[in-house]
Amino acid sequence: MASITLGGNPIHTSGELPKVGSKLADFKLIKEDLSVATMSDFAGRKLVLNIFPSIDTGTCATSVRKFNERAAKLENTSVLCISRDLPFAQKRFCGAEGIENVINLSDFQDGNFGKTNGLEILDGKLAGLHSRAIIVADENGTIIHTEQVAEIADEPNYEAALAVL
């Protein structure tokens, strides 16, 4: 269980992020068109997983914008923005913002992605959502970087995440 904060108040997640050097667990997430995305859809590509509580908060929206901007310059890399938001909300946000370089995926159906990766928030006002985290995997699905953002209102370290690519 990881201990993070929301507005300085302690909250807890369901576990720890996967270890660097381990394999990224397979996932089943929902795309904006309600089809299913799995790891095999991204085989042979580097992955940056930008995970956050909700697209409808300022910090989460900022992280999607910043990764969208940087993703256009990355070769053989997909940036996946993952939350428990409904796919409709993700699509609305990206359409309104002109975001085209990231892929939004939703864990709304069962939260298994968050549970598998130790990201489900267990207590506090955001219980049931995902904590803010970054997971980067190479072309073989091996995790090469992780960051659990200690204060959920803070942005992740974009430079550290992208430097490992």
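The protein has four helices and nine strands, and the model described here is a predicted one. Taken in order along the sequence, these elements follow the pattern β-β-β-β-β-α-β-α-β-α-β-β-α. The points below go from the overall dimensions and surface of the protein to an aromatic cluster, then to the surroundings of threonine 62, and lastly to two residues with positive phi.

**Overall dimensions and contacts**

- For a chain of 165 residues, a compact globule would have a radius of gyration near 15 Å, and the 14 Å of the protein agrees with that expectation.
- Taken along the principal axes, the box filled by the C-alpha atoms comes to roughly 40 × 35 × 30 Å.
- Among the contacts in the protein with a separation of 6 or more, 65% are accounted for by residues that stand 24 or more positions apart.

**Burial, surface and charge**

- Of the 165 residues of the protein, 48% count as buried.
- The protein has an accessible surface of about 7,400 Å², and carbon and sulfur atoms make up 50% of that area.
- There are 16 positive and 22 negative side chains, and the centres of these two sets lie 1 Å apart.

**Aromatic cluster**

- Two aromatic pairs are found when the whole structure is searched.
- In the pair of phenylalanine 27 and phenylalanine 42, the ring centres are 6.4 Å apart and the planes stand at 40°, so the pair counts as tilted, given that planes under 30 degrees apart would count as stacked and those over 60 as edge-to-face.
- Because phenylalanine 27 lies in the loop between strand 2 (9-12) and strand 3 (28-30), while phenylalanine 42 lies in the loop between strand 4 (36-38) and strand 5 (46-51), this tilted pair ties together parts that are 15 residues apart in sequence.
- Phenylalanine 27 and phenylalanine 42 are both buried.
- Phenylalanine 27 also forms an aromatic pair with phenylalanine 113, which is edge-to-face, with 6.2 Å from centre to centre and 85° between the planes.
- Since phenylalanine 113 belongs to helix 3 (residues 112-116) and phenylalanine 27 to the loop between strand 2 and strand 3, the pair ties together parts that are 86 residues apart in sequence.
- Phenylalanine 113 is buried, as is its partner phenylalanine 27, and Phe27, Phe42 and Phe113 form one aromatic cluster.

**Surroundings of threonine 62**

- Threonine 62 is found in helix 1, which covers residues 58-71.
- When neighbours within four places in sequence are left aside, threonine 62 is in contact with Glu155 and Tyr158.
- Threonine 62 and glutamine 148 are 86 residues apart along the chain, and their C-alpha atoms are separated by 17 Å.

**Positive phi outside glycine**

- Leucine 34, although it is not a glycine, has a positive phi of about 75°, and this residue is found in the loop between strand 3 and strand 4.
- The relative accessibility of leucine 34 is 45%, so the residue counts as partly exposed, a class that lies between the limits of under 20% for buried and over 50% for exposed.
- Asparagine 76, likewise a residue other than glycine, has a positive phi near 50°, and its place is in the loop between helix 1 and strand 6 (77-83).
- Asparagine 76 counts as partly exposed because its relative accessibility is 34%.

Methods. Residues are numbered from 1 along each chain as its sequence is written. This is a predicted model: local features need pLDDT of at least 70, side-chain atom pairs count only at pLDDT 80 or more; totals for chains, interfaces and linings use all residues. Side-chain values use heavy atoms; hydrogens and water are left out. Helices (H or I, at least four residues) and strands (E, at least two) are DSSP runs, numbered from the N terminus. The radius of gyration is taken over C-alpha atoms; the globule rule is 2.2 Å times the number of residues to the power 0.38. Buried means under 20% relative accessible area, exposed over 50%, partly exposed in between (1.4 Å probe, protein chains only). Contact means heavy atoms within 4.5 Å. Accessible areas come from the Shrake-Rupley method with a 1.4 Å probe; for residues, only the protein chains shown count as cover. Lys and Arg count as positive and Asp and Glu as negative; His and the chain ends are not counted. The place of a charge is taken as NZ of Lys, CZ of Arg, CG of Asp or CD of Glu. Rings of Phe, Tyr and Trp (its six-membered ring) pair if their centres lie within 6.5 Å; planes under 30 degrees apart count as stacked, over 60 as edge-to-face and the rest as tilted.
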